[in-house]
There are 2 protein chains.
Amino acid sequence: MGTGTSGAGSVFASPLEAEQAFYDALVKADLEALMRVWADDEDIVCIHPGDVRLTGLHQIRQSWQQILQHGSLTIELTRRHTMQTVMSSTHCSIECITVRGPEGLQQAYCDVTNVFHKGRAGWRMVLHHASPAAPQAGLHDAQDFAGTLH
Amino acid sequence: MGTGTSGAGSVFASPLEAEQAFYDALVKADLEALMRVWADDEDIVCIHPGDVRLTGLHQIRQSWQQILQHGSLTIELTRRHTMQTVMSSTHCSIECITVRGPEGLQQAYCDVTNVFHKGRAGWRMVLHHASPAAPQAGLHDAQDFAGTLH
């Protein structure tokens, strides 16, 4: 744990547990915990909304470090949807991101695809692809709000 | 083949073969061929750039029908990146989409994640998540253009 560049130190028994740890780390602005969710693999991919695709632990760590230096991110997941095989799990959700701006709290919505692979160290994230959602995204399947993470 | 709502009729021996068939179908504006690439599963997901997430064969078919009624789509894939397990394959690429507009040919770039699962009928698409790419996305890894599909 705490090596800064390695995903070693945590074993997630399910992809949902790994995803929970990912969003818990964001709300705590805990970069080390966040990076422990990622697979220790140079092929991992992170796409922030509208930004250049990042590959590998180093680039991905740097990007989250920049984001989290502004503080924590409170993200609720809605419309959660999972497609699983024996060694992989693909999760599509709507992220409802609450940010504190100059005009107070504001909300933004993103479509997100998170992919997890099962390896010797349990389930780890290999892909996070977030993109701006349609304006009405947050209004769909409102009943899903009961299943939010936070 | 040609049932209109079923993915039956084609067997793709690899996820790359399925992905090739997907983009070949777009350049031919062949809706039936396009839908044969998708898994015959109500859990499949399609996210067009900035649009509401679609789930299941019916919604996904309707959306592509609307898109293809305007004509074919010529899409080059660059920066192709694959993460595979025994039964799944996650492909991240940049789509360079050429469209004919009122001012002539124009290009748009999208980040795309395509996920394929291996089933009894070979490899099929279960997710297509496309989103607007950063303006400089098309300039990265120019050498990858040699590996474009078309």
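Here is a short tour of how chain A and chain B meet in this predicted model. Residues count from 1 along each chain as its sequence is written, and chains are lettered from A in the order in which they are written. Local features need pLDDT of at least 70, side-chain atom pairs count only at pLDDT 80 or more, while totals for interfaces use all residues; hydrogens and water are left out of side-chain values.

**Stop one: the interface.** Select the residues of each chain that touch the other: 35 of chain A are in contact with 35 of chain B (heavy atoms within 4.5 Å). The area buried between the chains is about 2700 Å², and 61% of that comes from carbon and sulfur atoms. Buried area is the accessible area (1.4 Å probe) lost when two parts are put together, summed over both.

**Stop two: three residues.** Now pick Val52(A), Arg53(A) and Met83(A), which give 23% of the area chain A buries against chain B, more than any other three residues.

**Stop three: the strands.** Colour β1 (45–47), β3 (74–84), β4 (88–101), β5 (104–119) and β6 (122–132) of chain A: each supplies at least two residues of the side touching chain B. Strands here are DSSP runs (E, at least two residues), numbered from the N terminus.

**Last stop: the axis.** Turn chain A by 180 degrees with 0.0 Å of shift along the axis, and it superposes on chain B with RMSD 0.0 Å (least squares on C-alpha atoms of residues with pLDDT of at least 70 in both). The copies are therefore related as by a two-fold rotation axis. Finish on Ser131(A), whose C-alpha comes closest to the axis of any residue in chain A, at 3.0 Å.

Notes: Helices (H or I, at least four residues) and strands (E, at least two) are DSSP runs, numbered from the N terminus.
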